[in-house]
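Okay, thanks for squeezing me in, everyone. I'll put the structure up and then walk through it.

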Amino acid sequence: MKAVQYREVGKGPEVVEVDAPEPGPGQIRLKVTAAGLCHSDWFVMDLPAEQYSYGLPLTLGHEGVGVVDKLGAGVEGIEVGGSYAVYGPWGCGLCHACATGRENYCPNAAELGIAPPGLGAPGAMAEYMIVDDKRHLIPLGDLDPVQTVSLTDAGLTPYHAVKNALPKLRPGSTVLVIGVGGLGHVGIQIIRALSQARVIAADLGEDKLALAREVGAHETLISGADTADRVREMTGGRGVDAVFDFVGAGPTLETARAAVAVDGHIEIVGIGGGTLTAGFFATPFGATVRAPYWGSRSELMEVLDLARAGAISVHVETFGIDDAVTAYGKLHDGTVRGRAVIVP
Ligand code: NAD
Ligand code: ZN
């Protein structure tokens, strides 16, 4: 089968021919119907050799949907031919976090060598993929696989961040969204669907700001050194009740710090390598900061239900698997509008 793999540190993704995997006991094989590209893939592929820990070759793709194609020994209660989304942050399944569906915060996964597909385990960017346990499959029902696949990360991750910040998103509140890419453009829709907050969105280019307005941002700004000042002007000096930083670089975190209101909240979703200094004299009184990771199983179900209700949708650019390298190039250059999806 064809697969998109990262095979050599520093060399970028390659489309290669590999053997189709066989499901072991308890596992499920999916015929992949769509796989999404995430900027985290570039985070992984940009790591220097001494920091790289995901194994080689790595089949990419931590956003996956597929049709159940073959069951490993002992798997029951799931139908061959059914269409499913893959919940990616696999945990041990036994601890308190996993028992509450928050496998993204499983404290045992790393130690047990359990890694998400595409981020250690073989991922979705192939014709077939293996899912370790049926609990990681969420039925798609009548949702379209290509339109839905990116909700497994670009939907779930902002949803998890927004849900945590919801107490701050009262009617009359204002939020700042930094970065209107794959995650950000879904994040804006989630904020609009779950709250009456006013949304200011910031990105580097006018095209991204146009997308932000299209998906529900009330106001937009070109992101730069004056963004926090502009946001303060737009909020009568108060600042914003919540910041969702989908970049996480030094300058955007400085914007977040300078733009957040007293008793406000910052969710650092992007892994752009920046550090935010918080403290009595560094951040407004009562302000809180959190760096969330992905989301829970039940939240993924809620995200799919939001899509079913028509409240959120992903702006998708599709590519065949042979064009995966081109798609990754566009993601790297910041020229994808919404999310890039591979249809194998
Ligand atoms: P993306 O490339 O699709 O979008 C990033 C957007 O940020 C682009 O529109 C880009 O123009 C914009 N941007 C870049 N620098 C900016 C700046 N200084 N100011 C304003 N906008 C700027 O990326 P994505 O796939 O949406 O991922 C976003 C970030 O979230 C990445 O860092 C990714 O690794 C991270 N991520 C984190 C988690 C998590 O669990 N915390 C999950 C998935 C992705
Ligand atoms: Zn991701």
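So, to kick off: which residues in the largest nonpolar core touch the most other members? Keep in mind that this is a predicted model. That core holds 89 residues, and the ones touching the most other members are V175, L176, V177, A201, V240 and V243. Both domain 1 (2-153 + 295-343) and domain 2 (156-290) put at least three residues into this core.

Let me pick out V240. Leaving aside residues up to four places away in sequence, V240 touches T174, V175, L176, I200, V231, T235, A259, V260, A261 and G264.

Now the domains. As I said, there's domain 1, which is residues 2-153 plus 295-343, and domain 2, which is 156-290. Their C-alpha centres sit 27 Å apart. In the contact, domain 1 puts in 22 residues and domain 2 puts in 15. On the domain 1 side, α1 and α10 (297-308) each supply at least two residues, and α10 has the largest share of that side, with five. If you sort the domain 1 side by class, you get nine nonpolar, eight polar and five charged residues.

Okay, ligand 1. Where do its surrounding residues come from, in terms of domains? Each of domain 1 and domain 2 gives at least three residues to the shell. There are 34 residues around the ligand, and H39, G179, G181, G182 and S223 come nearest. The elements giving two or more residues to that shell are α1 (39-45), α6 (182-194), β10 (198-203) and α9 (250-259). As for the class breakdown, the shell has 18 nonpolar residues, 13 polar and three charged.

Last stop is helix α11, residues 324-333, where A324, A327, Y328 and L331 are buried. Why do I say they line one face? Looking down the axis of α11, the buried residues fall within an arc of 100 degrees, so they line one face of the helix. As a reminder, an α-helix has 3.6 residues a turn, so residues three or four places apart point the same way. And what do the buried residues of α11 pack against? That would be β1 (2-6), β2 (13-17), α1, β15 (316-320) and β16 (339-343). On the face turned away from the buried side, α11 carries the exposed residues T326 and D333. Then, just after α11, G334 takes a positive phi of about 75 degrees.

That's my tour, so fire away.

How values were computed
Residues numbered from 1 in each chain as written. Chains lettered and ligands numbered in written order. Predicted model: local features only at pLDDT ≥ 70, side-chain atom pairs only at ≥ 80, totals over all residues. Near = placed C-beta within 6 Å. Helix = DSSP H or I, 4+ residues; strand = E, 2+ residues; numbered from the N terminus. Nonpolar A, V, L, I, M, F, W, Y, C, P; charged D, E, K, R; others polar. Domains from an automatic or database assignment. Buried ≥ 20, exposed ≤ 12 C-beta atoms within 10 Å, placed from the backbone. Arc of directions from axis to C-beta. Contact = placed C-beta atoms within 7 Å. Core = buried A, V, L, I, M, F, W, Y, C linked by C-beta atoms within 7 Å.
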